[in-house]
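Biologist: Can you walk me through this one? I'm new to it.
Modeller: Sure. Pull it up and ask away.

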Amino acid sequence: MADALCQTEEELSSFVRNPSPTLRSPEQWCRSFIHFIGQCLIKDFEARPSVTHLLEHPFIKQAHGKEASLRKQLATLIQEQQDLGCKTRTKHERISTRKTIVIESCPDDDLVNLEYLDEETIISHLQKRYEELQVYTYVGDILIALNPFQNISIYSPRFSKLYHGVKRADNPPHIFATADAAYQSMVSFCKDQCIIISGESGAGKTESAHLIVQHLTFLGKANNRSLREKILQVNPLVEAFGNACTAINDNSSRFGKYLEMKFTPTGAVIGAKISEYLLEKSRVIKQASGEKNFHIFYYIYAGLYHQDKLKIYSLPDKTPPRYIDCQQCKLIQDIVTMKMYTEQFDAIQECFRNIGFTEEEVNSVYKILSAILNTGNIEFASITSQHQTDKSEVPNPEALENAASLLSIGPEELQEALTSQCVVTRGETIIRTNTVDKAADVRDAMSKALYGRLFSWIVNRINSLLQPDTTVCAAESGMNVGILDIFGFENFKKNSFEQLCINIANEQIQFYFNQHIFALEQMEYQSEGVDASLVEYEDNRPILDMFLQKPMGLLSLLDEESRFPQATDQTLVDKFEDNLRCKYFWIPKRMELCFGIQHYAGKVMYSVNGFLEKNRDTLPADIVVVLRTSENKLLQQLFSSPLTKTGNLATSRARVTAASRSLPPLGSGRTKVDTMEMMRHPGETTTMRRQTVASYFRFSLMDLLSKMVVGQPHFVRCIKPNDDRQALRLCQERVLVQLRYTGVLETVNIRRQGYSHRIPLEEFVNRYYYLAFRAHQPPEPGKENAIAILERAKLENWVMGQTKVFLRYYHVEQLNLLLREVIARVVVIQAFTKGWLGARRYRKEKDRRNRSAIIIQSAWRGHVVRQHHRRLKRERDEAAVRIQSGQMRNKPKAVTYKGQIQKSAHAPVLVPTEGGTGTRESKGWKFTAENKRWLFPEVGPDSQDRQVKDVNKDKGKAEDSVAKPGGETVRLRDMQCKQGPGMKPQHRTPRRRGQQPKLLNSPEDSLYYNQLNRTLDYQGSKRKPRKLGQIKVLDGEDEYYKLLSTVESIPEEEYGSLPPSLSF
């Protein structure tokens, strides 16, 4: 204990002795502040000043009386830090924490829960929430989003996890909750979903669409990480080409976008598809006061300037091109010095690479954009011809040559197509010259066509790169979540044809909202006999009929007037006044070429100036011919593919032959006409070429509605709090107008009293019978079973119709959560069961493999043993042969029956004698060691030992037997004598495998083996026994081991050269 206390005291003293912490960068702070911080961080409490002394510090005393200014400075500093984001890093570049975000919801999150419901209560409630940075509010299942005009840190991945598969009432309102509701409905009901974002321009629709896509990619996590990144980068790329700065919005969508995210039945994202509608192409050539061109022109100009590539794309470096020359960008420095443009250009290049565009395609896109800017700089001058008609020419060919070079066409051909036109009349071709104004119109028409078709090609290319893989999921089984981000309602000081189309589209969206929320719901109340109070709402169908009906609608009248070459804007106004007789249309007095429309969002005045030309949107055939002869493959594709009914580039690619790419110069009008007929796409008929913008707009609305009706809708109503785009400032009058024309008050009433979900009985029982019945016993679809399910779920305030179940907007969410819990329990049981089955299959497979391994091992071991046995047998045979050959060499001589001595190199043998009679030798035989080897091949090690012993024991007996032959020898001699002296010796038949061992029929064989066995037994008897662990030492007495050590081995190849066996 004493040692521990001493150690603790030393540690505390060393802690005090260590220097106090200081500021990281003291040079950035004043001296008084550094001293004040140093006093606060003194470790020794005895030397540390008290709070009273610190309050008297000069650094603190200088702040007296400046509280208000310091608060403003701190607020500004905090805002800047929030805008920049936190860049602090730890030692390991990571902060690990287990703290969770605690967010509490309250009943005021939903306007339906308000006790008193009127406009003033709703406005005050929204203002209070907006001041607390709670920009989202529910109206039942509809989300109201107020634009905060600042960055709010509630969109991080942590919030994505927070709004994942939970009850909506558990968390405050959020855009992620709407995305999660659509995703869960898609997975639960196996039905397509649609999220409709509506509101005025500048209300935050585009940013809301970004956040929904972000959360859907989080929910539908794909195995391919690059696919999620591609989908997230689609919106920035498309918006760079389709968004622009207007008087009321710095990032206004100038086209309609419907993004379809495709999922598997299990909810994994597998692809995406974009549908674009009604790009405002007229913005390319002209912008209103205080507005700019599309973003991409400024991005590419600034990016190429900083990369020193302006000369490569023939762009001027002193003054900006005419198409992007506006009040804010009078000088080139106004564009290139904006850091945001350069950063966005780098981001666009990264988007191109990540999505999958090739370098060649990106370079072609930059060339076409640069060609559009150079085309805008082409100027025309009037000259007088011989026939006294106006004719135009290009006085300064620099811009013309730059544009032609970037488009990979001839400058002469381009100039001729701009300054003249080819007309076919009664089979004759007439070339007419264009005036200066006409030539300028052709130039602008070419620029609009280039940009419009390029934008459609980019969208089609993105769709081809993001299309789902059919091997992963079939197209029929996949599901979609559509996100509609369309241009908002606009009302400028001067509204033209573009604003008319935009506002008609918003009228259609509002009509769809009214039909789904009010009309269809109340119609089903009456048809099903449900007692529910009807809610009055403002129906805008008469306004849509005034615009879209045929043949007396506004768009039909506009198309009809556009077909007359002599029609003017004034005749158009007169036609409107004569045929449009309704309360929603009027002609103002004392204002020429104007008419007014009472939209659902308010009154709007439109200027008719340029309506007819914008609606015709004609592109001369000569321009199409010239552009089709380009060497640029992308440009050939743009003008060889036909246009769809919605005015977009068709996805099918037209085939351009080699002959069309090598067309002759446009020297005569006849050549132009033939070329046009040759290169016209089969689908591009004469009627297609006469399509107007109004007809494209009508088909676009039809196509958009057909996609929206398929899915179950989810609505997000974006509200613009003020027109000055100031943060945390809500203008009650401005917000109240938007709430009125969007029908928020009526929506609150119908959500409070009505039943937003009407589900057929059969579908309801099949979907939710798990809650009250056994899973393997599906009940019959009927009212009794449906009521049993509702009672088991403990729901209230539901109504049973004749064929449908009427539920509140929150009932479906409760049922889905209960169903999810039941399915989760089922999944757990299935997981354990599948695990048990898998373990059993594994054990069976393991046993089978073990048995197989044993069989293989036994076969291998048998093979190894047999190999070892054969090798051991071969070694024993070789040892026996060596023993036999060594024993024979030890005998110095061999004695015949006549007493003759015969020397041999190997062993003593019996040799024939010339004069002997009556004996074996007299018959011509000799008994040698070589013959013995062939006569007795099968000699084992034991028999070899016995043979050696018998030879040593019976030396004397062998000599006696040779000198005095016995009875067996006499019989053998008698048999040989009977056969006669001329008989040849017979060869023995070789034994086959498995045959019985050879019997010792010959007396000589028996004699030889008896002697050999006795010799081996005698030598073995003289061996001394060894003790445990003793090593045998070869001594002189052991002749057996001497023989083994001295006899040389016989090579195997010598066996083949031995003589054949002899028979006696």
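Biologist: How do α14 and α15 run relative to each other?
Modeller: This is a predicted model. In it, the axes of α14 and α15 cross at roughly 160°. Angles over 145 degrees count as roughly antiparallel, so that is what α14 and α15 are to each other.

Biologist: Which residues do these two helices span?
Modeller: Helix α14 covers residues 359-376, and helix α15 covers residues 397-407. Their axes come within 8 Å.

Biologist: What is the handedness of the crossing of α14 and α15?
Modeller: Left-handed.

Biologist: Which residues of α14 meet α15?
Modeller: Lys 367, Ser 370, Ala 371, Asn 374 and Thr 375 do, on the α14 side. Across from them, α15 brings Ala 399, Asn 402, Ala 403, Leu 406 and Leu 407. By type, that contact has five nonpolar residues, four polar and one charged.

Biologist: Switching to strands. How many bridges join β10 to β11?
Modeller: Six. Strand β10 is residues 420-425, strand β11 is residues 428-433, and the two run antiparallel. One facing pair is Gln 421 with Arg 432 in β11.

Biologist: What links β10 and β11?
Modeller: A turn. The two strands make a hairpin, with two residues between them. Arg 426 sits in that turn and has a positive phi of about 55°.

Biologist: Next, the sheet with β17. What is its strand order?
Modeller: β17-β19-β18. It is an open sheet of three strands, with antiparallel pairing.

Biologist: Which strands are at the edges?
Modeller: β17 (757-760) and β18 (799-800). Each of these pairs on one side only.

Biologist: And how many bridges join β17 to β19?
Modeller: Four, with β19 being residues 804-807. Among the partners, Pro 760 is bridged to Lys 804 in β19.

Biologist: Last topic: Val 481. Is Val 481 buried or exposed?
Modeller: Buried. Its relative accessibility is 0%, and the cut-off for buried is under 20%. Val 481 belongs to strand β12, residues 479-485.

Biologist: What is Val 481 in contact with, leaving aside neighbours within four places in sequence?
Modeller: Met 186, Gln 193, Ile 195, Leu 216, Leu 259, Glu 260, Met 261 and Phe 263.

Biologist: How many residues apart in sequence are Val 481 and Leu 216?
Modeller: They are 265 residues apart in sequence. In space, their C-alpha atoms are 8.8 Å apart.

Notes. Residues numbered from 1 in each chain as written. Predicted model: local features only at pLDDT ≥ 70, side-chain atom pairs only at ≥ 80, totals over all residues. Heavy atoms only, no water. Pairing = 2+ DSSP bridges. Axes fitted to C-alpha atoms, helices over the stretch in contact; angles between N-to-C directions. Parallel < 35°, antiparallel > 145°, perpendicular 65-115°, else oblique. Left-handed = near helix turned anticlockwise from the far one by under 90°. Contact = heavy atoms within 4.5 Å. Nonpolar A, V, L, I, M, F, W, Y, C, P; charged D, E, K, R; others polar. Buried < 20%, exposed > 50% of the residue type's maximum accessible area, 1.4 Å probe, protein only.
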